[in-house]
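Here are a few short exercises to work through with the model open beside you. Try each task before you read its solution.

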Amino acid sequence: MKTVHYLMLVGVASGLVSCYGTKEFTIKTEPAGALITLNGKEVGTSNLTMEIDQRRDLGIVAEKPGYQAAAATVQTKVNPFLSFIWTDESPYARYIDEDEVTIPLQRLMTPETYRPTSLEPYTGGGGRTSPDWKPGKR
C-alpha cells in the first residue's frame, strides 16, 4: 500500500513540475528582431522570453523585413506518470519539454542585396562591335 501511495505522490509531483500550468519559454531568431506570432497572436519581437501554457502545442511564425518568413512547431509530450490518470490526449497529461527554440531566417534576394557568386567572362561575339558602325549602315 505504501508503494502505491509513493507512486501516486511521485506522479502528482512530477505532473505539477512538468505538466501543470505555465513555464518560461524563449523564442530566438537568427538574426534577432523578428516579429513573433505565437498560435496566431502577435507576442513581441525576438529574442524574447515569455510564460507559456505548456499543455498546448506551439505554432511560432517569425517575420522580419528583408527576410523570408519562417515557422516552427513545438509539440507537447505525454507525461508517463500522469497518463495513467488521464488519457494521452488530455492536456493535463501533456507538457513541453524544451525551454527555447531558435528559428533561422533566410535573407531575401533584392536588387540591393543581390551579389552574383560567379559570372562567366564576356568573350564578345554577336552583333557589330566596330566603332564606326551606325544603325542602317551595312
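A residue counts as buried when its relative accessible area is under 20%, and as exposed when that area is over 50%. Keep in mind that the model is predicted.

**Exercise 1.** Decide whether Phe25 is buried or exposed, and find which strand holds Phe25.

*Solution.* Start with the place: Phe25 sits in strand 1, which spans residues 22–30. Next, take the relative accessible area of Phe25, which is 0%. The cut-off for buried is under 20%, so Phe25 is buried.

**Exercise 2.** List residues that Phe25 contacts beyond its neighbours within four places in sequence.

*Solution.* Look first at Leu48, Thr49, Met50 and Ile52, which are among the contacts of Phe25. Further along the sequence, the partners of Phe25 include Leu58, Ile60, Val74, Ile96 and Val101. The acidic residues Glu98, Asp99 and Glu100 are also in contact with Phe25. For a distance, try Gln54: its C-alpha lies 9.1 Å from that of Phe25, with the two positions 29 residues apart in sequence numbering.

**Exercise 3.** Work out where Thr37 lies and whether Thr37 is buried or exposed.

*Solution.* Thr37 belongs to strand 2, residues 35–38. Its relative accessibility is 13%, so Thr37 counts as buried. Leaving out residues up to four places away in sequence, Thr37 touches Glu42, Gly59, Ile60, Val61 and Glu63.

**Exercise 4.** Now zoom out: how many helices and strands does the protein chain have?

*Solution.* Count one helix and 11 strands. Along the sequence, the pattern is α-β-β-β-β-β-β-β-β-β-β-β. Finally, 26% of the chain's 138 residues count as buried.

Definitions and conventions:
Residues are numbered from 1 along each chain as its sequence is written. This is a predicted model: local features need pLDDT of at least 70, side-chain atom pairs count only at pLDDT 80 or more; totals for chains, interfaces and linings use all residues. Side-chain values use heavy atoms; hydrogens and water are left out. Helices (H or I, at least four residues) and strands (E, at least two) are DSSP runs, numbered from the N terminus. Buried means under 20% relative accessible area, exposed over 50%, partly exposed in between (1.4 Å probe, protein chains only). Contact means heavy atoms within 4.5 Å.
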